[in-house]
Amino acid sequence: MSEEPRDLHTEIVPVTPEAPEPEAIERAAAVLRRGGLVAFPTETVYGLGADALNPQAVLRIFAVKGRPADNPLIVHVAGKEQLCEVARAIPEPAWALVERFWPGPLTLVLPRHERVPQETTGGLETVAVRMPDSAIALALIRALGRPIAAPSANLSGRPSPTAAEHVYEDLCGRIELILDGGPTRIGVESTVLDLTTSPPTILRPGGVSPEQLRPILGELRLRAEILEARRSPGTRYRHYRPRAEVVLIERWEEVKHRPLVEQLAASVHRLGYIGRERGLSFGNAEAHVVELPPDPQEYARRLFAIFRELDQRGVEVIIIEGVVETDLGLAVMDRLRRAASRVL
Ligand code: TXA
Ligand code: MG
């Protein structure tokens with residue numbers, strides 16, 4: 001965890017998602033203009049925003065989150081035409097994607113425009129850009145009159161925030177203001193698509209699925225496939241982790257899960273279970289059972305909040321049943337795998 005002091009007064013300002021109050025937006029924009037930090041809702045998760053063109057402000061994001069300096073930020077814009085202000089050498093497919101998916105949960109990685117400081121891009125010559133589908137986020141970018149750099153508004157390594165309370169829990173005293181627009185609609189982050197490779201590569205699955213992208217792009221690679229091919233150990237950073245240890249059972253039907261659940265239950269006082277199975281035996285452990293949300297959309301929307309809630313209940317281990325990787329299920333499984341310390 002970072003050593004950043006928690007001595008600021010963090011103001012929470014309620015805003016109406018469909019019709020954001022101009023005074024609230026102006027207050028938040030004023031904080032950003034002074035180089036301060038504002039958390040705000042997007043359709044995916046809450047972002048921790050700073051003026052993307054102000055290197056000092058951007059550096060504070062890294063300090064406050066405890067984020068490694070080489071992990072680049074996404075630059076949020078308020079219009080399709082603004083893409084030209086932050087990226088250059090934009091290839092033809094980018095415009096087709098922007099036409100189809102913006103505003104929305106698709107982030108494009110493109111060559112960096114020199115206006116965007118390297119602090120924002122983690123030292124890279126590329127920049128990640130997206131236009132969020134949230135009236136609050138768009139109003140804030142327009143009020144500032146400049147693009148906003150924003151990672152998810154959680155402490156590094158923790159589950160992403162899908163409500164203002166989650167942001168407050170992690171960043172209270174470290175940031176100036178939180179715009180509270182209620183729970184977010186999608187619940188997992190945007191899809192990060194690298195257009196500087198041929199074919200384009202999905203670096204992070206998210207709100208837009210490969211099935212939706214293929215008709216426009218044709219060939220498409222998933223980063224996981226590349227990593228597997230290189231036998232790379234996978235991710236560089238810890239991610240999305242609740243305090244509880246997460247045990248993910250991907251092939252529930254194939255794994256002898258009953259004895260495993262009993263064995264795990266015997267080793268803890270409080271156990272969480274997210275899945276479909278009924279009538280499991282948890283021995284003497286206090287069991288907190290969350291019924292697996294029925295469709296991947298619903299699962300994506302609730303996943304991070306479930307993690308935080310199980311933490312609050314003092315659960316020591318969470319056992320999770322895997323989901324089918326179609327549609328948003330791909331993004332959900334990606335987050336579950338990274339959250340897990342054991343995958344079976
Ligand atoms: O939905 C979202 O994308 C949310 C909301 C707030 O917009 N933002 C978000 O940001 O999830 P963050 O920082 O938590 O994740 C950004 C991801 C990281 O995996 C980062 O490495 C990658 O995007 N990224 C950013 N710039 C990149 C670049 N130039 N090249 C490759 N990957 C990049
Ligand atoms: Mg994040």
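Q: In which loop does Pro103 lie?
A: This is a predicted model, and in it helix H4 runs over 92-101 while strand E5 runs over 106-111. Pro103 belongs to neither of these elements and sits in the loop between H4 and E5.

Q: What is omega for the peptide bond that joins Trp102 and Pro103?
A: Most peptide bonds are trans. The one joining Trp102 to Pro103 is cis, with an omega of about -5°.

Q: Which residue is joined to Pro199 by a cis peptide bond?
A: Look at the loop between strand E9 (191-194) and strand E10 (201-204), where Pro199 is found. The cis bond there has an omega of about -5°, and the partner of Pro199 in that bond is Ser198.

Q: What is the phi of Ala89?
A: Ala89 is in the loop between helix H3 (83-86) and H4. Most residues other than glycine have a negative phi. Ala89 isn't a glycine, yet its phi is positive, at about 45°.

Q: How many Å separate the centres of domain 1 and domain 2?
A: The domain assignment splits the chain into domain 1 (11-229) and domain 2 (245-343). Taking the centres over C-alpha atoms, the separation is 29 Å.

Q: What is the area buried between domain 1 and domain 2?
A: The contact involves 23 residues of domain 1 and 16 of domain 2. Carbon and sulfur atoms give 54% of the buried area, and the total is about 1600 Å².

Q: Which residues in domain 1 lose the most area to domain 2?
A: Three residues together account for 31% of what the domain 1 side buries. They are Pro159, Val188 and Pro205.

Q: Which residue forms a salt bridge with Glu189?
A: Between domain 1 and domain 2 there are 4 salt bridges, along with 9 residue pairs in polar contact. In the bridge made by Glu189, the closest N and O atoms are 2.8 Å apart, and the partner is Arg335.

Q: Which element gives the largest share of the side of domain 1 that touches domain 2?
A: That side divides into 6 nonpolar, 10 polar and 7 charged residues. Two elements give two or more residues to it, helix H6 (164-171) and helix H7 (210-217). The largest share, 3 residues, comes from H6.

Q: How many residues apart in sequence are the parts tied together by Arg60 and Glu176?
A: The side chains of Arg60 and Glu176 meet in a salt bridge, 3.0 Å from N to O. Arg60 lies in helix H2 (residues 55-65) and Glu176 in the loop between H6 and E8, so the parts this pair ties together have a sequence separation of 116 residues.

Q: How many Å apart in space are Asp180 and Arg158, C-alpha to C-alpha?
A: Asp180 is in strand E8 (residues 177-180), and its contacts beyond four places in sequence include Ile12, Tyr46 and Glu165. Arg158 is 22 residues from Asp180 in sequence, and the C-alpha to C-alpha distance is 20 Å.

Q: How many Å is a polar side-chain atom of Thr44 from an oxygen atom of ligand 1?
A: Ligand 1 is surrounded by 23 residues, with Thr44, Arg67, Asn71, His76 and Ser190 the closest. Arg130 and Ser152 also place side-chain polar atoms by ligand oxygens, at 3.0 Å for Arg130 and 3.0 Å for Ser152. For Thr44, the distance is 2.7 Å.

Methods. Residues numbered from 1 in each chain as written. Chains lettered and ligands numbered in written order. Predicted model: local features only at pLDDT ≥ 70, side-chain atom pairs only at ≥ 80, totals over all residues. Heavy atoms only, no water. Domains from an automatic or database assignment. Contact = heavy atoms within 4.5 Å. Buried area = accessible area lost by both parts, 1.4 Å probe. Polar contact = N/O pair within 3.5 Å; in protein donor to acceptor, adjacent residues only side chain to side chain. Helix = DSSP H or I, 4+ residues; strand = E, 2+ residues; numbered from the N terminus. Nonpolar A, V, L, I, M, F, W, Y, C, P; charged D, E, K, R; others polar. Near = heavy atom within 4 Å.
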